[in-house]
Amino acid sequence: MKYSKELAQNYSANRSEYNDTDPMLFAELESVGLVGKRIIDIGCGDGSHAAWMVERGASQVIGADLNESMIALAKEKARNWNNLNFLLADGSKLPIASESMDRVVSNYVIHYFPQAILIFNEISRLLKDDGYFIGTFNITDVEKGFEYLYNQVMPIRLQHRHGSVMIKNLIKPREEIEQAIADSALIVLKELEINNLHSVVDESYPYKEYIRKQSVLMVLQRVRRSG
Ligand SMILES: C[S@@+](CC[C@H](N)C(=O)[O-])C[C@H]1O[C@@H](n2cnc3c(N)ncnc32)[C@H](O)[C@@H]1O
């Protein structure tokens with residue numbers, strides 16, 4: 001899903017005010033280890049996380065994002081580290097060799113993909129055997145009878161001190177996500193529910209009362225390839 005230039009700038013300018021779930025992501029990443037690792041951040045936005053990973057000792061970090069304005073901001077903010085690169089690309093079709101990554105990170109991006117299998121297959125392809133995915137995303141369950149809402153757009157409001165930023169997510173059911181993980185040879189090592197106070201379904205959404213939006217952090221591991 002495309003972000004306009006204004007939205008990218010606004011998101012980046014206010015990011016520090018809605019980054020309270022970052023410490024959980026960082027803690028899980030440090031717990032599986034990032035020093036000396038090759039890491040890709042899918043949907044890297046303005047590159048803040050990618051830069052953090054380089055500072056913490058990752059050997060090589062690639063930040064990939066679909067949005068030109070985000071990649072431009074990331075490049076602008078990045079220092080001239082030769083082990084940090086940014087790539088304008090769709091996270092489900094990355095021009096990167098298979099089995100080349102020790103870690104795949106993705107913070108609030110998975111819910112943008114039209115089908116969960118597209119992104120989990122790509123994560124699985126990129127990861128080396130036993131490599132880890134650490135990421136956050138939204139899962140939205142709808143009440144029985146409202147299944148037609150799946151894969152439709154839901155307006156999300158990211159609130160910050162100076163106002164708010166409106167973004168859009170696709171509604172993804174838990175079953176689709178769990179099936180896609182299993183079909184991609186990934187196993188769930190950990191799932192934490194996270195309380196993302198700033199990311200709320202906008203009042204304008206007419207089906208608000210029939211849905212339950214949940215943000216989760218998952219740690220997944222790539223199953224060993226045989227042979
Ligand atoms: C909510 S922002 C999160 C950005 C960053 N991960 C962070 O934590 O600040 C979602 C990002 O996902 C990117 N995105 C959306 N769809 C994408 C896709 N198909 N491939 C790569 N990036 C995508 C957007 O351009 C945006 O930068």
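**Why these words fit this model**

Reader: Which residue in β7 is the bridge partner of Q159?

Author: The partner is S164. Keep in mind that the model is predicted.

Reader: What makes β6 and β7 a pair?

Author: Two strands need at least two bridges to pair. Strand β6 (residues 153–160) and strand β7 (residues 163–170) have eight, in the antiparallel sense, so they pass. A hairpin of two residues links β6 to β7.

Reader: Let's zoom out. How do you know that the protein is as compact as a globular protein of its length?

Author: First, the inventory: six helices and ten strands. The radius of gyration is 17 Å, and for 227 residues the globule rule gives 17 Å; the two values are close, so the protein is as compact as a globular protein of that length. Along the principal axes, the C-alpha atoms fill a box of roughly 45 × 45 × 30 Å.

Reader: And how much of the protein counts as buried?

Author: Of the 227 residues, 37%. As for contacts with a separation of 6 or more, 72% of them come from residues 24 or more positions apart.

Reader: Which residues have the most contacts inside the largest nonpolar core?

Author: That core has 56 residues, and the best-connected ones are I39, I40, V61, V104, I123 and F133. Strand β5 (residues 127–142) gives the most to it, with six residues. In soluble globular proteins, nonpolar side chains tend to be buried together.

Reader: What does V61 touch?

Author: Leaving out residues up to four places away in sequence, V61 touches I39, D41, A50, M53, V54, N83 and L84. I39, you'll recall, is on the list of residues with the most contacts inside the core.

Reader: Back to β5. Why is D130 called exposed?

Author: D130 sits in strand β5. The cut-off for exposed is 12 or fewer other C-beta atoms within 10 Å, and D130 has 10, so exposed is the word. D130 still has contacts beyond four places away in sequence: Q221, R222 and R224. From D130 to I39 the C-alpha distance is 14 Å, with their positions 91 residues apart in sequence.

Reader: Now helix α5. Which of its residues are buried?

Author: In α5 (residues 116–126) the buried ones are A116, I119, F120, E122, I123, S124 and L126. They pack against β1 (38–42), β4 (101–107), β5, α6 (174–183), β8 (186–194) and β10 (211–222).

Reader: There's a glutamate in that list. Why is E122 called buried?

Author: Buried takes 20 or more other C-beta atoms within 10 Å. E122, in helix α5, has 22 such neighbours, so E122 counts as buried. Past four places away in sequence, E122 touches G91, S92 and L94. A27 is another story: 95 residues away along the chain from E122, with 24 Å between the C-alpha atoms.

Reader: Then why is R125 called partly exposed?

Author: R125 is also placed in helix α5. Partly exposed lies between the two cut-offs, 12 or fewer for exposed and 20 or more for buried. R125 has 18 other C-beta atoms within 10 Å, so partly exposed is where R125 ends up. L94 lies 31 residues from R125 in sequence, and the C-alpha atoms are 10 Å apart.

Reader: What is the sign of phi at E99 and at Y108?

Author: Positive in each case. Phi of E99 is near 55°, and E99 is not a glycine. Y108 has about 60°, and Y108 is not a glycine either. E99 is in the loop between β3 (84–88) and β4, while Y108 is in the loop between β4 and α5.

Reader: How do you know which class of burial each belongs to?

Author: Count the C-beta neighbours inside 10 Å. E99 has 13, which falls above the limit of 12 for exposed and below the 20 for buried, so E99 is partly exposed. Y108 has 22, so Y108 counts as buried.

Reader: Last one. Which residues come nearest to the ligand?

Author: Of the 21 residues around the ligand, the nearest are G43, G45, N67, G91 and N107. By class, that shell has eleven nonpolar, seven polar and three charged residues. G91 has come up before, as one of the residues that E122 touches.

Methods: Residues numbered from 1 in each chain as written. Predicted model: local features only at pLDDT ≥ 70, side-chain atom pairs only at ≥ 80, totals over all residues. Helix = DSSP H or I, 4+ residues; strand = E, 2+ residues; numbered from the N terminus. Near = placed C-beta within 6 Å. Nonpolar A, V, L, I, M, F, W, Y, C, P; charged D, E, K, R; others polar. Core = buried A, V, L, I, M, F, W, Y, C linked by C-beta atoms within 7 Å. Contact = placed C-beta atoms within 7 Å. Rg over C-alpha atoms; globule rule 2.2 N^0.38 Å.
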